[in-house]
Structures are given as structure tokens and as C-alpha cells.
Amino acid sequence: TTTTTIITPSPPLPSSSKDSNKQAAGRTNYLTRHIALQFHYDGASYSGLAENMNSPTDKSVERTLFAALEKTCLVTSRSDCQYSRCGRTDKGVSAFGQVVALRVATSFPVGSCVSRDDDDDDDD
């Protein structure tokens, strides 16, 4: 089963630096995993997939995606999550089946034991 998510643009929410620091500290307490996200979007409201790093008013899909990932504490920033994309779209162009890969926080705290027991297939 393939799950898709529709990303819709929304204005950034104001946050205090105290809240941001608390969230950033909490994110480092969990293990991470590398995942691929497949999604689609209506490009009418966007400047394209790729974020224009030099534009504070950029309305790209990537900027919206990372705002949501940071808000939900899955990543701390684009630069620290090994982000990659395959392809891009121009302003006003929609996409179906767009794929990006990145490292996100899991629900497993650092220090937890996550393992697989390979001895379960004994026929004794």
C-alpha cells in the first residue's frame, strides 16, 4: 500500500526562542532512521519543488515540507537530515509520486535496545 500526503501552504506559526530551544533539545534524545517519502501536490500555490535558499519569501514545496517536519520534531533542520530528492518542478507545476529521502527521528529513545533475535528459527 502506498501512502500519499497532500502538502498545503500555510503561514508560519510564531514561536518563542524558549520553545524552539526546548524542542531542539528533545529531538536529540531519539534514534533516527532513513526513510523515503512519496507524495503529490498541486503546484498552483508553489514556486516549485526546490527551495530557493536566498529568498525569505520563497513559497516552495520543500520549504513547506521542512516547516512541517520541524514542527512535528521529525528533523531539526534540512542540513542535518541527509535530505535528497529525485527531480524537481517549476512554478505552478504539479507532481504525483514525488519522492524525497531523509533521516527522521523515531519513537525509540537513545540507549534503547532495538534488536532482532536470529535464533527464533530453531527446530528444537
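Two strands count as paired here if DSSP finds at least two bridges between them. Keep that in mind for the sheet, the opening stop in this predicted model.

**The sheet**

Select β2 (84-85) together with strand β3, residues 95-109. These two strands pair in the antiparallel sense over two bridges, so the pair satisfies the requirement of at least two. On β2, pick R85 and look across to β3: V100 is the residue that stands opposite.

Now add β1, residues 30-41. The three strands make an open sheet with antiparallel pairing, in the order β1-β3-β2. Because β1 and β2 stand at the edges with a single partner strand each, one side of each has no neighbour in the sheet.

**The helix on the sheet**

Next, select helix α2, residues 61-71. Helix α2 packs on the sheet and touches β1, β2 and β3. The direction of α2 makes about 140° with that of β1.

**The salt-bridge network**

Show the side chains of E51, E62, R63, R78 and R85, which are linked in a network of salt bridges. The count for the model comes to four salt bridges.

Start at R63, which forms a salt bridge with E51; their closest N and O atoms are 3.0 Å apart. R63 belongs to helix α2, while E51 sits in the loop between β1 and α2, so this pair links parts of the chain twelve residues apart. R63 is partly exposed at 25% relative accessible area, whereas E51 counts as buried at 18%. The cut-off matters for E51, because buried means under 20% relative accessible area.

Move to E62, also in helix α2. Is E62 buried or exposed? E62 is buried, with a relative accessible area of 1%.

Two arginines meet E62:

- R78 forms a salt bridge with E62, with 2.8 Å between the closest N and O atoms. R78 is in the loop between α2 and β2, 16 residues from E62 along the chain. R78 is partly exposed, at 22% relative accessible area.
- R85 meets E62 in a salt bridge of 2.5 Å, N to O. R85 lies in strand β2 and E62 in helix α2, so the pair ties together parts 23 residues apart in sequence. R85 is partly exposed, at 32% relative accessible area.

R85 is thus a residue to keep selected: it stands opposite V100 in the sheet and takes part in the salt-bridge network.

**A buried leucine**

Select L49, in the loop between β1 and α2. L49 counts as buried at 1% relative accessibility. What does L49 touch, not counting residues up to four places away in sequence? The list is F39, Y41, S60, V61, E62, R85, G87, R88, T89 and Q98. Among them are E62 and R85, the two residues of the 2.5 Å salt bridge.

For a distance to display, choose the C-alpha atoms of L49 and Q98. These atoms are separated by 9.3 Å, although the residues are 49 residues apart along the chain.

**A nonpolar surface patch**

Finish with L31, F108 and V110, shown as a surface. Together they form a nonpolar patch with about 250 Å² of accessible area. V110 lies in the segment after β3 and is exposed, with a relative accessible area of 52%. The cut-off applies here as well, because exposed means over 50%.

Terms used: Residues are numbered from 1 along each chain as its sequence is written. This is a predicted model: local features need pLDDT of at least 70, side-chain atom pairs count only at pLDDT 80 or more; totals for chains, interfaces and linings use all residues. Side-chain values use heavy atoms; hydrogens and water are left out. Helices (H or I, at least four residues) and strands (E, at least two) are DSSP runs, numbered from the N terminus. Buried means under 20% relative accessible area, exposed over 50%, partly exposed in between (1.4 Å probe, protein chains only). Contact means heavy atoms within 4.5 Å. Axes are lines fitted to C-alpha atoms, for helices over the stretch in contact, and angles run from 0 to 180 degrees between N-to-C directions. Patches are made of residues with over 30% relative accessible area and no salt bridge: like charges are joined within 9 Å, nonpolar side chains (Val, Leu, Ile, Met, Phe, Trp, Tyr) within 5 Å. Accessible areas come from the Shrake-Rupley method with a 1.4 Å probe; for residues, only the protein chains shown count as cover.
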